[in-house]
Amino acid sequence: MNEELARLLPPPPERDVPPGRLSHHKERLMRLIDEGRPDAASTTPADPAAAAAAAAAAAADDRDAAVRGPRPRRPRPALWMPAAALALAGALTAGLVTTMDSGLGVQTSDGETAVVLLDRIAEVAADTEVTPVRDDQFVYVKSLSAGAEAKDENSVFVPGKPHEREAWLPQEPGPVKQVGLHYEGGGYVPVRELLPPGSPGTPAGIDRPTYKWLASLPTDPDRLLDRLSRLTRTFEGQEKDQAVFDKIGELLGTSVMPPRTAAALYEAAARIPGVTRIENAVDPAGRHGVGIRRVDGHADWATEWIFDRHSLEYIGRRSYLTADGPMGKKGTVMDESAVLERAVVDKWRERPGS
């Protein structure tokens, strides 16, 4: 499927080394679906310091989404991954493939129970104390992540081995040319968007969510869901509800945000049809918890959020195939991540407590 499915930022982004492979997997899945089967078809921000920018930021988001309009599809090269990733994929064998059985071998409850769980998680999020993040600071996220790889466009995907990744995300609201920095595999990798000549950079928004931008979002869940629906791009064959669900999960996993914004995101997710509760979900770090899952029936793709069973804190996510297909067997894990640490630091490469 295309990203989340592809970035709203013009033009289609490329990174020195992609921070994850999910967008590529989803895009390729979307192409296979298109070729193989014709588918049926405001409240005040919680942070007072951000209130002055809220109305302007919200209006800019809506105007930007309207002006951009449909984006051209990203060119599909023979293989969309750097040479290092290709070498890794080539080293993997079928014996390394990890799969999950239908429903992960656990019981799922009905949508009403999922709604009750999301409401409880929203209450916890609303009561969590968060120090507002300044524009000159960085959100630091340490995770255990893995993404499936393919040797070429005609190969099935082989899940990768989970590895540690550290990420620094700038909170500057204005345009930036470096949207992040990663440390993985023993080296630092700058993350940049491919921008048109003369572009000042990538501003804060749905695909570069800063604390201030998140604080500008409506905290009424219905209005928030409507805003996210308008800002989230959907492609042929993909369910709109799934695209929004995936986008909310992306925001929750990579951002530090005002408590009321976090609560509103969970409340908005509870209003998306098709969400179910997983009684025993496991993240890549082996931590067991409860989960919220949604399956895109058109694309045979499931996304699952994982929460600590006791604290109800978000700890990870996982995406996997729900049917056999050209990309792999049913249950093949395509992308997963466990949040190990999240903090706010004052400069690039600074680690919490250093």
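Leaving aside its neighbours within four places in sequence, with which residues is Y266 in contact? In this predicted model, select Y266 and then display L118, I121, A122, A125, L252, F307 and Y314, the residues in contact with it once those sequence neighbours are set aside.

**The largest nonpolar core**

Next, widen the selection to the core around this residue. Y266 is listed with I248, I292 and W305 as having the most contacts inside the largest nonpolar core, a set of 43 residues. To trace its contributors, colour α4, β2 (138-147), α5 (211-215), α6 (221-231), α7 (240-254), α8, β7 (288-296) and β8 (301-308), each of which gives two or more residues to this core. Highlight α8 in particular: with eight residues, this helix gives the most to the core.

Now select W301, L321, M327 and M334. These are among the eight residues of another core, which lies apart from the 43-residue one.

**The second largest pocket**

Turn then to the second largest pocket, whose volume is about 660 Å³. Select T128, V130, S255, E313 and R342 to find its centre, since of the 29 lining residues these are the closest to that point. Then show α4 (111-126), α8 (259-270), β9 (314-321) and β10 (333-345), the elements that give two or more residues to the lining. Among these elements, β10 gives the most, with five residues.

Finally, colour the pocket lining by residue class: 19 residues are nonpolar, five are polar and five are charged. Keep α4 and α8 displayed, as both appear in the list of contributors to the pocket lining and in that of the largest nonpolar core.

Notes
Residues are numbered from 1 along each chain as its sequence is written. This is a predicted model: local features need pLDDT of at least 70, side-chain atom pairs count only at pLDDT 80 or more; totals for chains, interfaces and linings use all residues. Side-chain values use heavy atoms; hydrogens and water are left out. On a 1 Å grid over the protein atoms alone, a cavity is a set of points where a 1.4 Å probe fits but cannot get out, and a pocket is an open set with protein on both sides within 12 Å along at least five of seven lines; lining residues have an atom within 4 Å of a point. Grid points are joined across faces, edges and corners, and a volume is the space filled by probe spheres set on the points. Helices (H or I, at least four residues) and strands (E, at least two) are DSSP runs, numbered from the N terminus. Ala, Val, Leu, Ile, Met, Phe, Trp, Tyr, Cys and Pro count as nonpolar, Asp, Glu, Lys and Arg as charged, and the others, Gly among them, as polar. A nonpolar core is a set of buried Ala, Val, Leu, Ile, Met, Phe, Trp, Tyr and Cys residues joined through side-chain atoms within 4.5 Å. Buried means under 20% relative accessible area, exposed over 50%, partly exposed in between (1.4 Å probe, protein chains only). Contact means heavy atoms within 4.5 Å.
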